[in-house]
Every structure is written in C-alpha cells, then in structure tokens.
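Q: I'm new to reading protein structures and would like to look closely at just one part. Could you pick one and walk me through it slowly?

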Amino acid sequence: MAHALFSSNKDGKTASTSDGKTASTSDGKTASTSDGKTAREVDEGSSSSDEDEFSRQQTHHENGDPPIITGIYEEASTKERKKKTCAGPTIGKVVVRMIKKNEGNRIPVVVFLEMRAFCGTNASCVANEFGVQIRRICPTEGFAHSWNDVDSTVKEAIMQAIRDKFQITDEDIAEDSELIEVVSDEKAYKIYKDWKYAMRKHYVQMKEEGLDAFAHPYPGVTNAGWRYLIDNIFDDEKFEKRRIAGAKNRKQLTYQHALGSRSMPSQLTIEAGPNKEWPEFSEIWRRTHTSSKTGTWVSPICDEIYANLERVRDEGITSGNPLTGEELSRIVLKPNKRHIKGFGTGPRPSSYSSKSDAKRLAQEQQIQELRRRD
C-alpha cells in the first residue's frame with residue numbers, strides 16, 4: 001500500500017537546498033539555481049544506443065505514459081560490486097566493469113524530486129565515481145578549503161567525467177535538469193569535505209605515531225601537494241574551528257541507519273519501485289534501523305522511536321486525521337529546518353523556502369513548458 005511521505009506547503013510549492021540555490025514544485029517537474037545556469041553541455045561522446053534509448057523514453061513520456069527508467073530498481077548491478085581486498089579509496093574499477101556489462105552504455109541513475117538525491121541501485125556507484133573524479137582532478141597544490149571555492153573549470157571537468165559514465169536523468173527523462181545540477185553539486189560538496197577530513201586524519205595519525213608526516217603523504221597525493229596541504233590547510237585556524245564544530249555535532253549522533261554505504265533515498269526508491277508505492281514511515285524506520293541478518297535494532301533508542309511512531313500514527317488514524325511521513329517525523333523525531341529526519345539529508349521540509357524561490361520557480365516552469373512543446 002502506498003503512503004504519503006511528505007507534506008505540501010500552502011501554495012503547493014516546495015523549495016529546496018540548504019543554501020537557497022533551488023526551488024521546485026510538488027509535482028517534481030522543476031528546480032532551478034540562483035544563477036540560472038545549466039551544468040551540462042552536449043555530451044558528444046554519447047553512443048548511438050544511448051541516444052536511441054533517450055529518444056524512445058522521451059517519446060514514451062510525451063505520449064502521456066509514465067517514463068521508462070531502466071536499470072535503476074534491479075539489484076543485478078550490485079553483483080558487480082566485489083568485496084574490496086585492500087584498504088584505500090575507491091578507484092572506479094567497478095564502474096568500468098558495469099559499463100562493459102551494459103554493452104558500453106552509460107549507467108542509468110535517476111533523481112527524484114521528493115528525495116533530492118541520486119536514487120535506485122546505482123546511486124552508490126555514482127557517488128563513488130564523484131569521489132574518484134574529485135580525487136583525480138582537483139589539485140592538491142593550491143587546494144581549496146571548500147568545494148564552493150574550487151575553480152569552475154575544474155568542476156565542469158569533473159561533471160563531464162561523471163556524465164561520460166552515468167546517464168543521470170530526472171523524472172522527465174531530461175539530463176540537463178537544474179535539479180540534477182543542484183543534487184550533483186551538493187553531493188560533490190560533501191565528498192570534497194570528507195576527502196579533506198580523511199587527509200587531515202591521516203596527517204594527524206602520522207604525527208601521533210612519531211613519523212615524519214611530510215614523508216608519508218595520503219594515498220594518491222603528490223609530495224608537493226601533500227606539503228601544500230600541511231603548510232596551508234591542516235593547521236589553518238578556520239579549518240580547526242570547523243573541525244571542532246563537526247566533531248561536536250558527530251558526538252551528538254546516538255545512532256545510525258543500518259544500510260551501510262547505501263543512502264536512505266536510494267533504499268527507499270528501490271523499495272517503492274517505479275510506481276512510488278512508498279512504505280508507511282514507521283515501517284521505513286524499522287527496515288532501516290534493524291540488522292538485515294539478526295533483526296535487532298542498531299540502538300535501543302531506535303526501538304523506542306519506533307513505538308512512538310506507531311502510537312502517533314494510530315492516534316492520527318483514530319482521530320480521522322492520518323499523518324504523512326513528514327508530519328510523523330516532525331512530531332516524534334522533532335523538526336529540522338533543513339531536512340526531514342528519518343529520510344536522509346536529501347528531502348527538505350515543506351516549510352523550507354528562500355527569498356528568491358518564486359522567481360526561480362516561474363523561470364523553470366517556463367523552461368519546462370517550452371521543452372514539452374518542442
């Protein structure tokens with residue numbers, strides 16, 4: 001049985017992104033950035049089979065039928081993920097094998113507006129590829145403190161490398177969607193930050209072990225780049241303040257979901273399937289916070305939360321006012337102004353908005369309407 005996950009604000013529009021870069025409608029058809037630019041240029045390297053498939057899906061959608069998004073719900077691709085036999089960052093070999101198995105075609109990934117994230121079985125693969133390309137292309141000599149400070153040409157090179165391997169589409173089967181641009185940018189921001197954290201952790205570990213940190217660079221970093229990081233990044237006062245704040249926030253987290261490397265939006269969309277038959281929120285909570293092997297809760301507090309979710313849900317049904325997943329989250333898990341607790345960091349609360357949302361929304365609606373007429 002399908003359930004309503006999220007609430008709508010009064011005008012039926014939902015704004016998104018923590019930094020106010022996007023705005024979107026509740027029907028999943030729009031999203032826009034503050035500067036109105038698109039990230040994707042024409043992918044001249046696409047194979048004819050990619051173009052034929054894209055054309056077939058687009059025609060299918062224009063005829064009024066639901067879009068055909070193949071290869072995002074099947075678990076077959078996970079068979080290509082072999083267990084790593086050594087420590088270290090991902091280098092992208094799994095993606096190469098998956099493309100080869102897919103007859104040289106790009107790997108399909110979809111972005112759903114409700115989740116504001118990469119969805120389906122291949123979501124983890126595209127996230128890993130972001131890490132591969134960021135570590136490969138971003139310079140460590142002259143390293144930028146934040147992804148927001150990385151040169152735009154470097155960002156575009158990374159995005160093109162991603163598009164060469166993945167066919168990322170929204171629900172309209174469009175690859176140049178502003179929603180995709182924003183979701184990609186937010187994913188890159190997080191991965192870049194995690195990379196910097198991992199490198200500094202390695203640096204601190206070398207010092208604690210009494211080793212010469214300069215002589216033991218992080219894997220994949222040149223000696224010159226490593227020296228720049230030590231001299232200019234790791235001991236910077238601004239970096240230290242952010243690191244302390246981040247460590248404090250992590251200590252406040254008393255439990256984690258049981259999905260491992262797979263994100264919450266990815267798992268939810270796999271379970272919901274192409275018809276978006278979302279499970280009820282308390283059931284989502286149970287599935288994502290219990291061990292798949294033993295069925296035990298990852299933390300005793302998760303069991304207490306589950307009981308409260310069921311109680312509040314039943315009270316709403318009894319009173320004739322059934323609650324959405326977002327409403328249950330807000331009552332039991334407490335509200336968060338930037339995301340809906342229990343659904344990962346992608347979905348935004350219906351109350352979230354920014355000052356320029358209305359203008360961006362109108363612009364994107366015009367773009368979507370022109371696209372459908374062409």
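A: Let's start with the whole protein, then zoom in on helix α4 and its surroundings.

First, some ground rules. This is a predicted model, where local features need pLDDT of at least 70 and side-chain atom pairs count only at pLDDT 80 or more, while totals for chains, interfaces and linings use all residues. Residues are numbered from 1 along each chain as its sequence is written, and side-chain values use heavy atoms, leaving out hydrogens and water.

The protein has 12 helices and five strands. These are DSSP runs numbered from the N terminus: helices are H or I with at least four residues, and strands are E with at least two. Of the 374 residues, 44% are buried. Buried means under 20% relative accessible area, exposed means over 50%, and partly exposed lies in between, using a 1.4 Å probe and protein chains only. Look at contacts too, meaning heavy atoms within 4.5 Å. Among contacts with a separation of 6 or more, 69% are between residues 24 or more positions apart.

Now for α4 itself, which covers residues 152–165. Its 14 residues should span 20 Å at 1.5 Å a residue, and that agrees with its end C-alpha atoms, which are 20 Å apart. The expected span is 1.5 Å times one less than the number of residues.

Which residues of α4 are buried? They are V154, K155, I158, M159, A161, I162 and R163. An α-helix has 3.6 residues a turn, so residues three or four places apart point the same way. The buried residues of α4 pack against α3 (123–137), β5 (166–169) and α5 (178–208).

R163 has a charged partner as well. Its side chain meets that of E156 in a salt bridge, 2.5 Å from N to O. The term means a side-chain nitrogen of Lys or Arg within 4 Å of a carboxyl oxygen of Asp or Glu. R163 is buried, with a relative accessible area of 6%, whereas E156 is partly exposed at 23%.

Follow the chain on to β5. F166 and I168 point one way from this strand. Q167 and T169 point the other way, and all four are buried. In a regular strand the side chains alternate between the two faces of the sheet.

What does β5 pair with? Strand β3 (residues 107–112) runs parallel to β5, and four bridges join them. For instance, P108 has Q167 of β5 as its bridge partner. Two strands count as paired if DSSP finds at least two bridges between them.

Zoom out a little to the sheet. This is an open sheet of three strands in the order β4-β3-β5, with mixed pairing. The edge strands are β4 (117–119) and β5, each pairing on one side only. From one strand to the next, the twist averages 35°. Helix α4 packs on this sheet, touching β3 and β5, and its direction makes about 100° with that of β5. For angles like these, axes are lines fitted to C-alpha atoms, for helices over the stretch in contact, and the angles run from 0 to 180 degrees between N-to-C directions.

Helix α5, a packing partner of α4, has a salt-bridge link of its own. R116 forms a salt bridge with E186, with the closest N and O atoms 3.0 Å apart. That pair links distant parts of the chain: R116 sits in the loop between β3 and β4, and E186 is in α5, 70 residues apart. Is R116 buried or exposed? R116 is buried, with a relative accessible area of 5%, while E186 is partly exposed at 24%. The structure holds 12 salt bridges.

One more neighbour of the sheet is worth a look. Helix α8 (residues 264–272) has eight of its nine residues buried, so α8 is largely enclosed by the rest of the structure. Those buried residues include M264, L268 and I270. They pack against β3, β4, α3 and α9 (281–288). Compare that with α4: α3 is among the packing partners of its buried residues too. Just after α8, G273 takes a positive phi of about 75°.
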